[in-house]
Each structure stands twice: as structure tokens, then as C-alpha cells.
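Subject: Structure handover

Hello,

Here is the structure for your work on the ligand site. My notes follow below it.

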Amino acid sequence: MATKMSLLAFVDQAQQLPETRVAVVRKQDYKEIYGNFDSHMAAVQASRCSQCGVPFCQIHCPLGNNIPDWLKLTAEGRLEEAYEVSSATNTFPEICGRICPQDRLCEGNCVIEKGFESVTIGSIEKYITETAFQMGWVKTPKPAHENGMSVGIIGAGPAGLSAAEALRRKGYAVHIYDRYDRVGGLLIYGIPEFKLEKHIVERRRALLEKAGILFHLNIEIGRQTTLEALRSQHSAVLIATGVYKAREMDIPGNALAGVTPALDYLTASNRVCLGDTVKEYESGALNARDKHVVVIGGGDTAMDCVRTAVRQGAKKVTCLYRRDRTNMPGSAREVKNAEDEGVEFLWLSAPKAFIGTQKIENILATKMRLTAPDRSGRQNVTALGNAEFTLKADMAIAALGYDADNVPTAFGAPELHVSPSGTLAVNAVSQMTSLPGVFAAGDIARGASLVVWAIKDGRDAAEGIHTWVKTQSIDQEV
Ligand SMILES: Cc1cc2nc3c(=O)[nH]c(=O)nc-3n(C[C@H](O)[C@H](O)[C@H](O)COP(=O)(O)OP(=O)(O)OC[C@H]3O[C@@H](n4cnc5c(N)ncnc54)[C@H](O)[C@@H]3O)c2cc1C
């Protein structure tokens, strides 16, 4: 029987997270590190919500999730309703519950955080959704009727999938094209298993397939077929191709063997976890076993790399970051997890050269110092004089972020406008690009961002597409 709690319990009930697997055990495998609440713990933790009049958690959620309401319903043991509320605004709450940087979004803005520590919103969201799956409350998103129109979506990442789900509900035939052999984009090939086990993504794929969404895998648009061909087949097209152009380090030695872009490394590791044979992993080129690994960068990708290297059996894993801990873009929770797993952080340190003959052997690095904030408010850095040092490295992984590939060129569509940073320019409300009937969503329109923003953009694009298609059919009638 479900526990029923009254609210505002944060005064007597301390914040408690689900059990976390201890570092010495969890670093032996790739399984998720957080457990799940039981119904009692979920109700107790949800009851800590103060139900504030202006819910900052909701305001700071890109999806505007009605968090106070589903916390209240969970505290009252009304879980099916809690799931209905939470899934009304979020296509993949079980994924956001696991990998949103809650410490920067909802939980970081919980008003009881000061002095009492925030409500554990992410873990409760995960609990509600896992319960919903177990209880059969998660339904296939089938439409009431087919509307006779079709939409082509390029990219099966979270932006493409959330748009597909919303469009299918409205009765469109939805075709998703992806160059990869699996559905999920970075949910499958970027984010490691210890943050998001792949069967969670597979479970959603199965539901979407059951709803009638058609996946065309191993098809690269721009290479095997054209954007124009898709435009002629479908009433509208959505580009949700993500951003994959890795930023490079323009320093001596960056072409040495053993200097690796982060996503190549993580994709290989994820493929191995999925049971694929990866040549570069077998040969050792993308395998950290017995190596001194240095990861350069301070974002979530860098944290994923250091923690993957630990699991692959690296001799030593070091993270080199040019700013300090406070100015790190990655989630504080992930830094703590990495530290617990034995990763060493060298703050205020940047590489100057990769050293070796054919293969990297060492990194020449320098200490940095923070300078005044720039116009964005972020502190800059500058190298300290006479503060160079050398670091042993058999493998250096560059995790410096991603830029958009040149979509107009790749797709042979110069009419597609891009922003100054190279992302596709879209209308802020409809997500339509400069090409009529062609929309864009997720990282390719926003720049490298978060899953929760990709979901929001996909949902917005579905609305934009629906409005546009309806307008077109009315115009044709008159
Ligand atoms: C290593 C890593 C870790 C991350 N960790 C987190 C995290 O913990 N939490 C979080 O919120 N966010 C995280 N992110 C960011 C998040 O994964 C992205 O913001 C999100 O996946 C973007 O979704 P998307 O649908 O726009 O693109 P993607 O997920 O990149 O999907 C794009 C899809 O388009 C396909 N595609 C590309 N070009 C073509 C083409 N020409 N033809 C056919 N298909 C094509 C790709 O194969 C891919 O499947 C992480 C990112 C990385 C790289």
C-alpha cells in the first residue's frame, strides 16, 4: 500500500537520495550507479516540497514540468496521476530523471535548498516513470485517426524522437531517417551506460515502433539520399541531426596517435557495451586499459570520458581543466562521482603540447590563472609565467565541445540559413528554417545543449509542423 504524507516535511525530513552503488564496486562495471526509491521513500522525499507559490523548479525546467503538482501527488500516493501530470509535458521523463543536470536546473533552484537541501526531484521523476512502466500506465502513443499526411524526420536523437511521438499522436505517418544502426542518437552512442542504461532507450524505441513510427536506419541524408527527395515525399521535414564537429586543440603534437576526440572514444565504448565488435577498441587505439589517460575539458563529456576510462581499467586518469572547479561547466554531481571513482583533477591547467615520436608519451601543460569576467560574466583565463609541467599520457582525450557541421553544404541546400555559430536558423516559435516546410530542432538549431532542451525543441517543432501543414491544406482548398 502506498505511503501517504502531508507536505512541507522538509523541516523534519532530511534530503535522501536513492542508494548509490559504492565507487569500488560500481567502477567494475557499466551499470547505472543510482538505485531507485521504494514507494515509502518516494512519498517521504516528495513530501519535502514546500509547494511554493512561484515554483522556481518549474520555471527553471526547459519543459516547464509541473513539478510541485507531481510531487504532491507522489506524497499522497496518487502515482498514476503523478505520471499523467509528469508525462503531459515531458516525452521521456525516465530519461530526464536520470541524466538532467538537476543541480543546475530544477533542484538547483528549489527554494528550500538554502539550509535544508533541495527536494530530490530527478530521483522522484525516475521513480514515478519506472512505476508507470511496471504498472502498464505508459501507453503506446497511437493516434485517434490517421490524417493522411506524412512527416520525414532526419535524426533519431531525443529531438527527433520527441517530435515523432507528438506528430504520431496527431495522426501523421512518421518516417525517421538516421545514419546510425540504432535509435537514440547521443542517448545511445554518447552518454555512457553508467548514466543511462541502453535498455531504457530501447524500451522507448519499442513503444514508438508499436505506435507505427517507421525507422529507416543506416541512411545518411546528404550522402545516400537528398533533403530535396525527402521534401518531395513528405508534407514537412524536420532536421534533428545534432552537432558532431569536435573542437580541436591547435597545439603541437595533436596529430600523434593516442590523441583522440571524446566522441570517438565514447561511441566505441558504448558499442562494446552493446555487444558490438569495435576494431579500434580491440587494437587498443580506443581502449584505456593499462594506460595513463588524460582528459582535457570540464564539461559533462569530459566527465563521461574520465569515468569510462576508469571502468576500462586505466592505470591513472587525470582531468585537465583550464578554469577552476567553481567555473566548470559540467554538473557538480558528476565531478563528485568521478572523484569518488579515483579520477584526479588538475584545475587551472591547460595543455601546451602533446609530446611523443609517433605516439603520445607526455603532455606539456601550464598552470593558468583566472582573470576578470568577460561580457557574459564568465571569468577568462590566462597562462601563468614559468608554471609549466609535464604529465605522463599514453592517451589524451579531447573533450572541448562540438560545433554544428555545415548542413546547407552537406544537404546541398544553400537556401538554409545558419546563425553566426553555424547552427540552423529557425523561427523561435515554429522552429521553421528559411526553407518552407523544413524545420529544425535540438542541438543542430540550439548548439550543443541538453537532452531536456532537445525534447522541448522537438515538441515545439511538432506543433510548428502541424500548424504549417494545416495552413498549407487550407490554402490549397481556397
Ligand atoms: C558525451 C555526451 C554526454 C552528454 N551527457 C548529457 C547528460 O548527461 N545530460 C544531458 O541532458 N545532455 C547530455 N549531453 C547532450 C545531449 O546528449 C544532446 O544535447 C542531445 O542528445 C541532443 O539531441 P539531438 O536529438 O539534437 O541530437 P543527437 O542526440 O545528436 O541525435 C542526432 C541524430 O541525428 C543523426 N544524424 C546526424 N546527421 C545525419 C544525417 N546526415 N543523416 C541521417 N542521420 C543523421 C545522428 O546519427 C543522431 O542519431 C551529452 C552529450 C554528449 C556528447
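A polar contact here is a pair of N or O atoms within 3.5 Å. The model is predicted, and the distances below should be read with that in mind.

Ligand site

By that definition, a backbone N or O atom of Arg179 makes such a contact, lying 3.1 Å from a nitrogen atom of the ligand. Oxygen atoms of the ligand are also involved: one is 3.0 Å from a polar backbone atom of Val451, and one is 3.3 Å from a polar backbone atom of Pro158. On its own the ligand has 1000 Å² of accessible area, of which the protein covers 96%.

The ligand is surrounded by 34 residues, and the closest are Ile99, Asp178, Lys195, Tyr244 and Asp443. Sorted by class, this shell holds 19 nonpolar, nine polar and six charged residues. Helices α9, α15 (300-311) and α19 (451-477) each contribute at least two residues to the shell.

Sheet

There is an open sheet of five strands with parallel pairing, in the order β3-β2-β1-β4-β15. Its edge strands, β3 (214-216) and β15 (438-440), each pair on one side only. From one strand to the next the twist averages 20°.

Strand β2 (residues 173-177) runs parallel to β3 and is joined to it by three bridges. Within β2 and β3, Tyr177 stands opposite His216.

Helix α9 (residues 158-169) lies across β1 (150-154), β2, β3 and β4 (236-239), at about 165° to β2. Helix α9 is thus listed under both headings, as it also supplies residues to the ligand shell.

Regards

Definitions and conventions: Residues numbered from 1 in each chain as written. Predicted model: local features only at pLDDT ≥ 70, side-chain atom pairs only at ≥ 80, totals over all residues. Heavy atoms only, no water. Pairing = 2+ DSSP bridges. Helix = DSSP H or I, 4+ residues; strand = E, 2+ residues; numbered from the N terminus. Axes fitted to C-alpha atoms, helices over the stretch in contact; angles between N-to-C directions. Contact = heavy atoms within 4.5 Å. Near = heavy atom within 4 Å. Polar contact = N/O pair within 3.5 Å; in protein donor to acceptor, adjacent residues only side chain to side chain. Areas by Shrake-Rupley, 256 points an atom, 1.4 Å probe, with all protein chains shown as cover. Nonpolar A, V, L, I, M, F, W, Y, C, P; charged D, E, K, R; others polar.
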